[in-house]
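Colleague: I'd like a close look at one small sheet and the helix that goes with it, and then a tour of whatever else is worth seeing. Show me the model and talk me through it.

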Amino acid sequence: MTGMIDVTILTGRTLQQGIGLEVGKVSEEYSKSVNYAEISKSDSIAIGFTDGSPVEVTTEIGKVVLHGRISETLSPGLIFVPYGPWVNQVLGPDTNCTGTPQLKGVRGKLELAEGKNVPSIHDLVKIIRGA
Amino acid sequence: MRVKSYSDVICPFCGCLCDDIEITVEDNKVVKTKNSCAISNSKFMKNDWGRITSPLIDGKPATYEKAIKEATNILSSARRPLIYGLSKTDNEAIREAVHLSELIGGVIDSTTTVCHGASIIAMQNTGVSTTTMGEVKNRADLIVFWGSNPAEAHPRHFQRYSVTPKGKYTPNGRKDRFIVVVDVRETRSSKMADQFIRITPNSDFDILQALRALVRGQKLSAGEVGGVRIDILEELADRMKRAKVGCVFYGLGLNQSESRHMNVDALYSLVSDLNHHTKFVTEPMRGCFNVTGANMVTTWQTGYPFAVDFSRGYPRYNPGEYTAVDLLARKEVDAALIMGSDPASTFPLAASSYLSKIPVVTLERKETPTSMLSKVVIPIATSGIETSGTAYRMDQVPLKLRKVVDPPKGVFSDAVVLGHIIERVKTLEVDSI
């Protein structure tokens, strides 16, 4: 079975992201540490996902293609993406007068992204320039 | 070969500011670290990787003098310039940034705005029962990590302050503490806890208010709140009241979810209620090594911790209005100076994209998406590795950073670069009289 499912997007820090960003934002270590989404096992079955394939995350703000990884511990309906310019493609700027955008618990959709490429950091800079 | 060893070096990565790092330097290069976490090790060992060694104007190498001149022209001719970042540099540089902001009538904001800004708003609303890491280490027998994952974001927090160290009234270390993790997902931190409470995303406010009611002795008719059974919350409320000293270390799970500062407001109110029964404190888990310093220095200088506008010649404060994400998303600024941060990576697209539409001056060590968008890039020394200076630990304790290697030739600290821009701005002001 394949299709699009509703998900809640969680973001956060990881050890590898910290290591990667201290090497450098244009390093391969950094890109690899933040350009993926963790997906629960049951959701991976729901969208016909096999580990490592690209997935597309869509919100009312936009969409982004990420490498998918199956998580043994994540609850169904949740995906986790490390902080970074990849996930920021789908997060909104509304801060509700606090200065802080909502970066966690954001509603979105998840589907397979067969034939699509995960953007590089330089691709993302082009998108930022063109937006 | 010149070999030097340094002990008690402070790590300039996260808000823990671990002060026991040992560094070996050979020919001005860090070759070995001891006591460092994996991230700290990466910061010291990869300090030289991918450094920007020459100032850039429109992506092309330029002399330092030309870059300072261009930066000054951009900032002094702007009608509403933004100075943003501040959190990965020392207090001395932050002080200069505030001075520059006042001189050019700009808005100054720090990375607080996308991390614990909501905590500060809550602090101003509610007040807070806070502490130092020493008090936690020596006295706390109940530690709650709420919406935070120190095992990955502050890797030595457990070891140095909150879980395993032996303290004056916690002589058996780990055995003398009960550890609770409250989070929306299982993490490396939750795996080491005595109790993991998994909650539904965006339900923190409801759960904290339910805990407040339980701590006050109310009976709740609901069977569960935020995905947590009431009997589990009753047990936690009772455990909190029975603690000799309790501490909630909370993270961005509260600040960046729905309800933002109201989540933290509810936490601070719970901690206040608990102080009717026992000693209870709370601390935000600050990320960048000197984001606390950004708040402290901005407060000394202006009276406000972040989001400060100097456009009328005196400081005004208003999160949501003078905060960087809002200003950029609403296209309200016409130039920016970025230092100690990479907002093109950390801001939502609608805010980061506007940085490519205005002239940006960036002080940066390595190439970043923000530096790629910038009109002027001025390389700077690594704060806490190539320069000394002071920084505030997450519990607001100031510590002296140590220089262990020299910066690349012709590369100065943030404070020195800002000083040169300030000198030139003052010259332009004199010329215009």
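Modeller: Start at B:Thr24, whose bridge partner in β3(B) is B:Lys32. That pair belongs to a ladder of 5 bridges between β2 of chain B, residues 21–26, and β3(B), with the two strands running antiparallel. Strands pair when DSSP gives at least two bridges between them; strands are E runs of at least two residues and helices H or I runs of at least four, numbered from the N terminus.

It's a predicted model, so local features need pLDDT of at least 70 and side-chain atom pairs 80 or more, while totals for chains, interfaces and linings use all residues, and side-chain values use heavy atoms without hydrogens or water. Residues count from 1 along each chain's sequence, with chains lettered from A and ligands numbered from 1 as written.

Now step back to the sheet. It's an open one of 3 strands in chain B, ordered β1-β2-β3, and the pairing is antiparallel. In chain B, β1 (3–9) and β3 (29–34) are the edge strands, each pairing on one side only. From one strand to the next, the twist averages 25°. Helix α1 of chain B, residues 38–45, packs on this sheet and touches β1, β2 and β3 of chain B; contact is heavy atoms within 4.5 Å. The direction of α1 makes about 165° with that of β3(B), using lines fitted to C-alpha atoms (for helices, over the stretch in contact) and N-to-C angles from 0 to 180 degrees.

Next, the empty space. The structure holds 3 cavities of 30 Å³ or more, and the second largest of them encloses about 80 Å³. It has 14 lining residues, and the ones closest to its centre are B:Cys11, B:Cys14, B:Cys18, B:Cys37 and B:Ser40. By class that lining splits into 9 nonpolar, 4 polar and 1 charged (nonpolar is Ala, Val, Leu, Ile, Met, Phe, Trp, Tyr, Cys and Pro; charged is Asp, Glu, Lys and Arg; the others, Gly among them, are polar).

The largest pocket comes to about 390 Å³. On a 1 Å grid over protein atoms alone, a cavity is where a 1.4 Å probe fits but can't get out, a pocket is an open set with protein on both sides within 12 Å along at least five of seven lines, and lining residues have an atom within 4 Å of a point; points join across faces, edges and corners, and volume is what probe spheres on them fill. Of the 21 residues lining this pocket, A:Thr14, A:Tyr36, A:Glu38, B:Glu152 and B:Arg188 are closest to its centre. At least two lining residues come from each of α1 (15–23), α2 (28–34), β2 (36–40) and β4 (63–71) of chain A, and from α8 (188–191) of chain B. α1(A) gives the most, with 4 residues. This lining has 9 charged, 7 polar and 5 nonpolar residues.

Over in chain A, 6 strands close into a barrel that runs β1-β5-β2-β4-β3-β6 with mixed pairing. Here the twist averages 45° from strand to strand. Strands β3 (54–58) and β6 (106–112) of chain A are antiparallel and share 4 bridges, and A:Val57 sits opposite A:Leu110 in β6(A).

Along the sequence, chain A reads β-α-α-β-α-β-β-β-β-α. Its radius of gyration is 14 Å, close to the 14 Å from the globule rule for 131 residues, so chain A is as compact as a globular protein of that length; the radius is over C-alpha atoms, and the rule is 2.2 Å times residue number to the power 0.38. The C-alpha trace of chain A spans about 35 × 35 × 30 Å along its principal axes. Chain B has 18 helices and 21 strands, and its trace spans about 70 × 55 × 30 Å along its principal axes.
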